[in-house]
Amino acid sequence: MSKKKTIIAVASAVTVFVAVAAVVFIKSGNKENPTVQETVTTTAAVTTVPETEPVTEPVTTYPPFVNGLSLKAQEYKEMNSDTVGWIRLSNTVIDYPVVKAGDNDYYINRDFDRREDPAGWVFMDFRCGMESEYFTENTLMYGHNMADGSMFSDLKKYQRDEAFYEQNPIIEVSSLSADYQYKVFAFMLCNGVKGSDFEFWNYIFFPQETEDPEWSLAKYLSKINDKSLITTNVDVREGDKLLALSTCNTGDTTDPTRFVVLARMVRPGEDVMEGTTGSVRRY
């Protein structure tokens, strides 16, 4: 073999070795990170193999859902000390820091910066908490149903659009220290006047059935079942952390009807989407 042919053969072999090594490197990287298919960051195709680390381009999709909301909440707490967490719902404008005052009136007509504003802000019931030292069994949050689509107006999509629930069954919520996912199991219209047949806003903790059957989890779920506009396959059981999001049914301030979305926290190790298909609209 001539010297020229020998050089060409060696160069070809080196090229093949580099290509094979790159493939092996990429595959071994995925084995070291077995959750890569569960995250929202993917690695874009690399057209050239650099001499050092491969060049990657993070591509974010939404959903599936991501953590990190608690970090955003911490950032916004520096702007408003009343910040207690964050809430986000895909395919809506609901992507807000959540505040909490000493009562449930303060943020009805004040924005995040505490300025007078008829749109108010998204706020947590002053009796509720989501931190380890005080985590209520049922966390309530409120927001206006604004004509411009802001605050909690988009919750009404669950009622208006029959396809919306199964496309968006997961609500992301955070405290200042942790991120959570809640799966919607019901939504309903109910009377928001004190003394009504279902004071949904007063179910913060659930005593045992033998202690107080009127305020037990079983009673709460029974009343929800009577009013829910949908039947889902999401189960709820003792020990689950629940979430209730409430907004006005209409823009009419004289209308006491509230639209409420009910969800429960995704359990450790549970498939996030389990039970969210096969729902049936009731009304």
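# Exercises on aromatic pairs, helix faces and the core

At 6% relative accessibility, Phe112 counts as buried. The exercises below concern a predicted model, and each is followed by a worked solution.

## Exercise 1

Determine which residue pairs with Phe112, with what geometry, and where the two partners lie in the chain.

**Solution.** A pair of aromatic rings is described by the distance of the centres and the angle of the planes. The structure holds 19 aromatic pairs, and in one of them Phe112 meets Tyr76 with 5.7 Å from centre to centre and 70° between the planes. Because planes over 60 degrees apart count as edge-to-face, this pair is edge-to-face. The next step is to place the partners: Tyr76 belongs to helix H2, whereas Phe112 lies in the loop between strand E4 (95-99) and strand E5 (123-124), so that the pair links distant parts of the chain, 36 residues apart. As to accessibility, Phe112 is buried at 6%, while Tyr76 is partly exposed, with a relative accessible area of 25%. Finally, Tyr76 and Phe112 belong to one aromatic cluster together with Trp86, Tyr96 and Trp121.

## Exercise 2

Work out how the buried residues of helix H2 are arranged around its axis, and what they pack against.

**Solution.** Helix H2 spans residues 69-77, and its buried residues are Leu69, Ser70 and Ala73. These residues cover an arc of only 100° around the axis, which puts them on the same side of H2. An α-helix has 3.6 residues a turn, so residues three or four places apart point the same way. The buried residues of H2 pack against three strands, namely E3 (83-89), E9 (170-174) and E10 (179-191).

## Exercise 3

Carry out the corresponding analysis for helix H5, then follow Tyr220 into its surroundings.

**Solution.** In helix H5 (residues 217-227), the buried residues are Leu217, Tyr220, Lys223 and Ile224. Seen down the axis, they fall within an arc of 130°, so they line one face of the helix. The elements that cover them include E8, E10, strand E12 (242-248) and strand E13 (257-265). With neighbours within four places in sequence left aside, Tyr220 is in contact with Asn138, Phe198, Phe200, Tyr203, Phe206, Leu242, Ala244 and Leu262. Tyr220 is also listed, with Ile87, Met141, Tyr158 and Ile171, among the residues with the most contacts inside the largest nonpolar core, which has 59 residues. Strand E10 gives the most to this core, with eight residues.

## Exercise 4

Is Trp215 buried, partly exposed or exposed, and which residues does Trp215 contact beyond its neighbours within four places in sequence?

**Solution.** Trp215 is located in the loop between E10 and H5. Its relative accessible area is 27%, so Trp215 is partly exposed. Beyond its neighbours within four places in sequence, Trp215 is in contact with Glu199, Asn202, Tyr203, Phe205, Phe206 and Pro207. For one of these, Phe205, the C-alpha to C-alpha distance from Trp215 is 8.2 Å, with their places 10 residues apart in sequence.

## Exercise 5

Describe where Asn145 lies, and identify what its side chain reaches.

**Solution.** Asn145 is found in the loop between strand E8 (138-142) and helix H3 (157-160). Because buried means under 20% relative accessible area, Asn145, at 16%, is buried. The side chain of Asn145 makes a polar contact with the side chain of Ser153, at 3.1 Å, and it reaches the backbone oxygen of Cys248, likewise at 3.1 Å. Apart from neighbours within four places in sequence, the residues in contact with Asn145 are Ser153, Lys156, Thr247, Cys248, Asn249 and Thr250. One of these, Lys156, lies over the face of Phe259, at 5.1 Å from the ring centre.

## Exercise 6

State how many helices and strands the protein has, what percentage of its residues count as buried, and what percentage of contacts join residues at least 24 apart.

**Solution.** The protein has five helices and 14 strands. Of its 283 residues, 41% count as buried. Among contacts between residues at least 6 apart in sequence, 62% join residues at least 24 apart.

Methods
Residues numbered from 1 in each chain as written. Predicted model: local features only at pLDDT ≥ 70, side-chain atom pairs only at ≥ 80, totals over all residues. Heavy atoms only, no water. Helix = DSSP H or I, 4+ residues; strand = E, 2+ residues; numbered from the N terminus. Buried < 20%, exposed > 50% of the residue type's maximum accessible area, 1.4 Å probe, protein only. Polar contact = N/O pair within 3.5 Å; in protein donor to acceptor, adjacent residues only side chain to side chain. Contact = heavy atoms within 4.5 Å. Arc of directions from axis to C-beta. Phe/Tyr/Trp six-rings, centres within 6.5 Å; stacked < 30°, edge-to-face > 60°. Lys NZ or Arg CZ within 6 Å of the ring centre and 35° of its normal. Core = buried A, V, L, I, M, F, W, Y, C linked by side-chain atoms within 4.5 Å.
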